[in-house]
Amino acid sequence: YTILSKVHSDRNVYPSAGVLFVHVLEREYFKGEFPPYPKPGEVSNDPITFNTNLMGYPDRPGWLRYIQRTPYSDGVLYGSPTVENVGKPTIIEITAYNRRTFETARHNLIINIMSAEVDFPLPYQAEFFIRNMNVEEMLASEVLGDFLGAVKNVWQPERLNAINITSALDRGGRVPLPINDMKEGVYVMVGADVPFSSCLREVENPQNQLRCSQEMEPVITCDKKFRTQFHIDWCKISLVDNTKQVSTFQEVIRGEGILPDGGEYKPPSDTLKSRDYYSDFLITLAVPSAIALVLFLILAYIMCCRREGVEKRNMQTPDIQLVHHSAIQKSTKELRDMSKNREIAWPLSTLPVFHPVTGEMVPPLHTDSYDNTSMPLMQTQQ
């Protein structure tokens, strides 16, 4: 894998196809492109973010990714170039933004992808899922070197290369909760020139497959060689043998490209038969409308024609009960008329009082002709 520790304007790099490429955008280098800090004697720690794109296009190539966690951390370009990009120089425009002064600085990175060293590189590929790492932590040269050393100790290959690194978020993973320093996880694909070791093949055992289906940790003998620094999810390991895939592909016998004879093709007729929609109309509209009309007539007959009026009620009521009811109504009316004409004594609060300043007698708030039936018992004194 390739690690570039410094960033220069119009820098040429030469990664190999099928090998992990990493390019670090260091903030310390771009600090010199911006004005000094306003206060003398203080160290400049401006927030700087980067924007990377293919020259003439708004985004990067499909194989190239970019990550920067915070404006106070370095940016990283990483990816695995493909064979289709060999011999085609890729110019990446790197634009640095100073979030304090809103100034920018632009540099170009020219990526010249070279072909692989051998005709058929790294036929055996294994992809590991590391749960306790983020992608930018895994891209560090010392951390990736430790992981490759542990894999080489288990696999014992002659050549071992890191092919690609992918964040778990790019594979549909969820953003981890901000508790207990949880990590998002990272997929690391490595390739070697020798078949897989017996330790890596233990994942394919029926017992371990059963434990994985039950969401239990499989039993791997070489897990202790990774556990000290890397927590690997062995249920998500992927072993790919490209030698078998190539041999199967070569055994395919290609035909002449002519479809087998299935008879003479008969296209549909140009004239379509007319269809009568009258029956469909009766079923969908006329029948429901008729049923609704019948229900409406029944309801109208019940509500209007079967209504019991006052005369029928009086005819069915005994005469003595009607006499009593009429007498009660007359008595109630007489009591109401008498209550309107009755004379009551005025409340004490409305009697004449003395003025607190002059001592004169103040007349009541009402006159004798005032309608006393609508006056409240308590009056407001002025």
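A strand here is a DSSP run of type E with at least two residues, and strands are numbered from the N terminus. Ile 91 sits in one of these, strand β7. Keep that in mind as you look around this protein, which is a predicted model. Here's a quick tour, from the whole chain down to single residues.

**The big picture**

- The protein has 382 residues, and 30% of them are buried.
- Its secondary structure adds up to 10 helices and 14 strands.
- Take the contacts between residues with a separation of 6 or more: 65% of them join residues 24 or more positions apart.
- The accessible surface comes to about 26,800 Å², and carbon and sulfur atoms account for 56% of that.

**Two helical stretches to find**

- Residues 281–304 carry the label "transmembrane region" in an unreviewed UniProt entry.
- In the model, that span is 100% helix and 0% strand, and its end C-alpha atoms lie 33 Å apart.
- Further along the chain is helix α10, which covers residues 319–341 and has 23 residues.
- From its first C-alpha to its last, α10 reaches 34 Å, close to the 33 Å expected at 1.5 Å a residue.
- The number of buried residues in α10 is 0, so this helix lies largely in the open.

**The nonpolar cores**

- The largest nonpolar core has 40 residues, and the members that touch the most others are Phe 128, Met 138, Phe 147, Trp 155, Val 190 and Trp 234.
- Several elements give two or more residues to this core, among them strands β3 (21–25), β6 (75–79) and β9 (124–130), plus helices α2 (135–138) and α4 (198–201).
- Helix α3 gives the most to this core, with 8 residues.
- Both domain 1 (7–113) and domain 2 (124–241) supply at least three residues to this core.
- Want to zoom in on one member? Leaving out neighbours within four places in sequence, Trp 234 is in contact with Phe 128, Leu 200, Val 203, Glu 217, Pro 218, Ile 220, Cys 222, Asp 223 and Phe 226.
- There's also a second, separate core of 19 residues, which includes Ile 48, Phe 50, Ile 94 and Ile 111.

**Around strand β7**

- Thr 90 is found in strand β7, and with 9% relative accessibility Thr 90 counts as buried.
- Beyond four places in sequence, Thr 90 touches Leu 54, Pro 61, Leu 109, Ile 110 and Ile 111.
- Is Ile 91, with its relative accessible area of 28%, buried or partly exposed? Ile 91 is partly exposed, because buried means under 20% and exposed means over 50%.
- Not counting residues up to four places away, Ile 91 touches Asn 53, Leu 54, Met 55, Asn 108, Leu 109 and Ile 110.
- Ile 91 and Asn 112 are 21 residues apart along the chain, with 8.8 Å between their C-alpha atoms.
- Asp 10 lies in the loop between β1 (2–4) and β2 (11–13), and at 46% relative accessibility Asp 10 is partly exposed.
- Asp 10 is 84 residues from Ile 94 in sequence, and their C-alpha atoms are 10.0 Å apart in space.

**Gln 125 in strand β9**

- Gln 125 lies in strand β9, and Gln 125 is buried, with a relative accessible area of 17%.
- Setting aside residues up to four places away in sequence, Gln 125 touches Ile 163, Met 189, Val 190, Gly 191, Phe 196, Ser 238, Leu 239, Val 240 and Asn 242.
- Gln 125 and Ile 163 are 38 residues apart along the chain, yet their C-alpha atoms are separated by 8.5 Å.

**Two residues with a positive phi**

- Most residues other than glycine have a negative phi.
- Phe 102 isn't a glycine, but it has a positive phi of about 60 degrees.
- Where is Phe 102? Phe 102 lies in the loop between β7 (90–98) and β8 (104–111), and at 69% relative accessibility Phe 102 counts as exposed.
- Glu 215 isn't a glycine either, and Glu 215 has a positive phi of about 60 degrees.
- Glu 215 is in the loop between α5 (206–213) and α6 (224–227), and with a relative accessible area of 76% Glu 215 is exposed.

How values were computed
Residues are numbered from 1 along each chain as its sequence is written. This is a predicted model: local features need pLDDT of at least 70, side-chain atom pairs count only at pLDDT 80 or more; totals for chains, interfaces and linings use all residues. Side-chain values use heavy atoms; hydrogens and water are left out. Helices (H or I, at least four residues) and strands (E, at least two) are DSSP runs, numbered from the N terminus. Buried means under 20% relative accessible area, exposed over 50%, partly exposed in between (1.4 Å probe, protein chains only). Contact means heavy atoms within 4.5 Å. Accessible areas come from the Shrake-Rupley method with a 1.4 Å probe; for residues, only the protein chains shown count as cover. The expected span of a helix is 1.5 Å times one less than its number of residues. UniProt positions are given in the numbering used here, feature names are shortened, and annotations may be inferred rather than shown by experiment. A nonpolar core is a set of buried Ala, Val, Leu, Ile, Met, Phe, Trp, Tyr and Cys residues joined through side-chain atoms within 4.5 Å. Domain bounds come from an automatic or database domain assignment.
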